Structures are given as structure tokens and as C-alpha cells.
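Got a few minutes to go over a chain together? Have a look at it before we start.

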Amino acid sequence: MPNAEALASTIKPTWCPGCGNYGMAEALKHALAELGWEKHEFAVVWGIGCHGNGADFFDVQGMHALHGRAIPPATALRLTRPDLHVIVEMGDGDGYGIGVGHLVHAIRRNIGLTVIAHNNQIYGLTTGQASPTTDHLMQTVSTPTGVLEQPVNPIGLALSEGATFVARGFAGDIKHLTGLYIQALTHKGLALVDVFQPCVTWNHLNTFAWMRERVYKLEESPWDTTDRVKAFELSLSTFHDLTCAPEQCRIPIGVYFRDDAVPAYEDGVPAASTPGWKRALVPRDLAGVIESLR
Ligand SMILES: Cc1ncc(C[n+]2csc(CCOP(=O)(O)OP(=O)(O)O)c2C)c(N)n1
Ligand code: SF4
């Protein structure tokens with residue numbers, strides 16, 4: 001069973017010093033180690049962005065997909081390799097922008113993927129343009145007079161599309177995030193974990209300090225994770241804006257909602273119970289088919 005250190009590759013991460021991606025990488029390594037999964041039991045598919053460079057920094061099987069396109073190959077992997085736990089690592093620009101259609105369809109399918117969103121509310125790799133989750137009115141290199149659109153609400157979006165596991169974490173609380181990952185990784189069906197991941201280079205608003213002043217843990221007060229409507233209301237009421245004081249914009253982290261009773265997509269695909277490579281070994285008798293075409 002690999003320990004957390006054994007999941008790191010020999011390539012030293014090139015993320016900026018202090019980037020929230022470090023905390024997220026640590027949390028994932030610790031969650032996988034705590035679950036005791038061997039390297040051949042899971043795979044990770046990364047999107048494109050600073051987060052996606054993680055593909056080089058982990059010594060695990062998987063692939064680096066195109067920008068916004070991590071979910072389609074992960075879906076194929078899930079259906080052809082049911083023996084693998086499949087994890088998707090995506091960015092907010094990546095997964096809530098260019099790839100948001102894939103996310104919506106994966107959610108309504110409830111396919112067994114653990115989708116981890118590195119939500120730094122900015123395009124990190126392409127040097128600080130506004131992303132779909134950048135706060136309203138925030139100034140960025142692409143919006144010098146402020147973002148005009150309202151941000152995408154990932155929690156509300158997932159809940160409205162029938163997601164069976166929705167959680168939010170914070171890269172500055174690795175222990176809590178590790179716990180969220182473990183719950184998501186052991187959920188049957190699609191689990192979305194939206195993680196606030198400060199980009200220390202391009203987002204000077206949603207910093208670690210800004211987040212620390214605002215986040216609170218849902219589980220520390222009574223919270224019913226089976227009430228989709230209440231979770232949706234919470235996702236709407238806790239949207240923050242540039243001007244709010246910490247006590248006014250509280251950001252809940254933790255499991256907003258989960259339903260373990262909904263069948264996963266793959267449960268309805270008989271062929272998906274056997275790994276593709278085993279299926280390929282079954283000799284096919286085509287004589288009958290050829291005969292029927294004569
Ligand atoms: C189809 C396509 N469009 C645009 C790009 C350029 N591009 C690379 S990374 C990126 C933004 C990444 O931002 P985000 O997904 O938020 O990830 P982060 O870098 O913040 O982790 C863009 C636009 C690309 N690689 N492919
Ligand atoms: S640009 Fe931002 S997201 Fe990218 S590595 Fe640097 S701090 Fe992290």
C-alpha cells in the first residue's frame with residue numbers, strides 16, 4: 001500500500017511558492033494513502049491549467065487531457081475499466097468554462113467519477129484572466145474595469161442537475177480537505193468537490209487570509225446532508241461579493257449534500273462490469289453474423 005510520499009513523482013512541482021495547489025496535492029495523497037488504495041486501483045485524469053501540471057508531479061496512472069476535456073476520457077475509463085476508481089482534476093476555467101457541458105452531463109448520468117475542482121477564481125496558467133468563477137466586479141488583466149457577469153455557482157449548478165455528492169473544501173485546511181476527499185472517493189456515482197485554491201500570483205482578492213476569515217465548517221453545526229433544496233438555498237445565500245465584510249459573507253465548507261441510494265450510470269451498463277481488456281479476450285464467433293448477411 002503506497003504511503004502519501006510514494007504518490008509523488010520525481011519531478012518537483014513548478015507551482016508558485018504558496019500556491020493552493022500544494023495543499024490540494026497533499027490532501028489527495030493523504031486521502032489515497034488513508035484509503036489504502038494500491039496504484040493499480042485508481043487513475044487520475046487532469047485538465048489543462050496550473051492544476052493540470054499536477055499530472056507531472058504525481059506518480060500515478062492516468063492522463064493529461066485537453067483543456068476542459070478531462071471528463072470525457074475519464075468517463076471512457078470508468079466504463080472500460082470498472083476495476084479502477086477514476087478521479088478528475090479540473091480547473092475553474094477548465095471545468096466550469098470550456099468544459100462545463102461535460103460536467104453537467106456527467107452529473108446527470110451520475111457516473112462514478114470523483115471530480116475535484118481547483119477553484120482559484122482566475123485563469124492561472126494563462127496569466128490572470130477572469131474565469132467563470134471570478135467575483136462580480138473584480139478587476140483582472142482581462143477585465144480592468146471589473147467583471148460584468150455574475151460568477152458560476154458550482155454548488156448550485158451541481159445540485160440543480162441532480163448531483164448525488166456535492167462538497168466544498170479549502171486548500172488552506174488540508175486535514176479537512178483530506179476528509180472530504182475520502183468521503184467523495186468512496187461515494188458511488190459522481191462526487192463533485194469544489195475547492196477554494198488561492199492563486200497567490202494572479203488573484204489578490206480571494207487570498208488565504210480572505211478565505212480564512214470567511215470559511216466555516218458545515219458539520220460543526222447541525223446540517224442535514226440529505227436535503228437538496230436546503231443545500232441549494234445555502235449555495236445561493238452564501239455567494240460573496242467584493243465589498244462584504246467577513247461576518248457578512250460566510251463561506252460554508254464541507255459536504256453540502258449526498259445521496260448514496262441513486263444507482264451509478266455504470267450500474268445500468270452490463271458490459272461495464274467487466275474490464276475492457278478482459279472483454280477483448282472473449283473469442284467472438286462471427287460465423288452466424290456472416291451467415292445472416294449472405
Ligand atoms: C482549447 C484551449 N483553449 C485555451 C487554452 C489556453 N489555456 C490554457 S490553460 C488556460 C486557463 C486555465 O485556467 P484554469 O482552468 O482556471 O486553471 P488554472 O491554471 O487556474 O489551474 C487556458 C485558457 C487551451 N490550452 N486550450
Ligand atoms: S499562477 Fe496561480 S494557480 Fe498557477 S501556480 Fe502560480 S499561484 Fe498557482
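What follows is a short round of questions and answers.

Author: This is a predicted model, where local features need pLDDT of at least 70, side-chain atom pairs count only at pLDDT 80 or more, and totals for chains, interfaces and linings use all residues. Residues are numbered from 1 along each chain as its sequence is written, and side-chain values use heavy atoms, with hydrogens and water left out.

Reader: What is the radius of gyration of the chain?

Author: The value is taken over C-alpha atoms, and the globule rule is 2.2 Å times the number of residues to the power 0.38. For 294 residues that rule gives 19 Å, and the chain comes close to it, so it is as compact as a globular protein of that length. The radius of gyration is 20 Å.

Reader: Is Val 60 buried or exposed?

Author: Buried means under 20% relative accessible area and exposed over 50%, with partly exposed in between (1.4 Å probe, protein chains only). Val 60 has 17% relative accessibility. Because of that value, Val 60 counts as buried.

Reader: Which residues does Val 60 touch, leaving out those up to four places away in sequence?

Author: Contact means heavy atoms within 4.5 Å. Val 60 is in the loop between α2 (54–57) and β2 (62–64), with helices (H or I, at least four residues) and strands (E, at least two) being DSSP runs numbered from the N terminus. The residues touched by Val 60 are Leu 7, Phe 42, Val 44 and Trp 46.

Methods: Chains are lettered from A and ligands numbered from 1 in the order in which they are written.
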